[in-house]
Amino acid sequence: MSLKRAFDPVVDSHTRLLILGSLPGDASLKAGRYYGHPQNGFWRLVSGVIGIDLVPLPYVDRLEALKAAGVGLWDVIASARRPGSLDTAIRDVEAADLNRLIDTLPGLRAIAFNGGTAARIGRRILTLRSGIDLIDLPSSSPAYTRPLPEKAVAWSVLAKALADR
């Protein structure tokens, strides 16, 4: 079973909301991009949050639109062994250095966990900081079979983290 590694974080000094997944699945790793599986609802869900349809955009433009909206991406797992793409198969976890990344984000207001595995691992390794909300979201993965409109309602709370305070 080969070692799978997370992508680099997508953040800048204006990041107000950091969305953390668990570890890229095989389709994403093959494509070399976050949420690369065509059935993953991430891009549709986050489109609703920032008010820009990201789905038709080229990948690089999607990332730039996220950063312009104050949204960053990363994963809670730096590397792990996993046959296939299911989080339940993850083994030999090396956690990402979330605390070091967060220290570089002065405007961070909220951290959202995309799914239960991300929330469980992320909450365990994060050092709590005042002024940063932690938000658990239903997974955007097609393996989590809740209908996309229901997921969108839950994800809509992220807009508050992006609103001017």
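**Close-up views of a predicted model**

**View 1. Helix 2 and its surroundings.** In this predicted model, the elements covering the buried residues of helix 2 include strand 2 (17–21), helix 3 (59–68), strand 3 (71–75), strand 6 (110–114), helix 6 (148–155) and helix 7 (158–162). Helix 2 spans residues 42–50 and is mostly covered, with seven of its nine residues buried. If you would like to find them, they are Phe 42, Trp 43, Leu 45, Val 46, Ser 47, Val 49 and Ile 50. After helix 2 comes Gly 51, which has a positive phi, near 75°.

**View 2. The parallel sheet of four strands.** Here the strands follow the order 3-2-6-7 in an open sheet with parallel pairing. Strand 3 and strand 7 (133–137) form the edges, each pairing on one side only. Ignoring direction, neighbouring strands in this sheet are turned by 20° against each other on average. Look also for strand 2 and strand 3, which run parallel and are joined by five bridges; Leu 17 has Val 71 in strand 3 as its bridge partner.

**View 3. Helix 5 across the strands.** Helix 5 (residues 116–125) lies across strand 2, strand 6 and strand 7. Relative to strand 6, helix 5 runs at about 135°.

**View 4. The antiparallel sheet of three strands.** This open sheet has the order 1-4-5, and its pairing is antiparallel. Strand 1 (3–5) and strand 5 (91–95) are at the edges with a single partner strand each, so one side of each has no neighbour in the sheet. From one strand to the next, the twist averages 15°. Strand 4 (residues 77–81) pairs with strand 5 over three antiparallel bridges, and Ser 79 stands opposite Glu 94 in strand 5.

Methods
Residues are numbered from 1 along each chain as its sequence is written. This is a predicted model: local features need pLDDT of at least 70, side-chain atom pairs count only at pLDDT 80 or more; totals for chains, interfaces and linings use all residues. Side-chain values use heavy atoms; hydrogens and water are left out. Buried means under 20% relative accessible area, exposed over 50%, partly exposed in between (1.4 Å probe, protein chains only). Helices (H or I, at least four residues) and strands (E, at least two) are DSSP runs, numbered from the N terminus. Contact means heavy atoms within 4.5 Å. Two strands pair if DSSP finds at least two bridges between them. Axes are lines fitted to C-alpha atoms, for helices over the stretch in contact, and angles run from 0 to 180 degrees between N-to-C directions.
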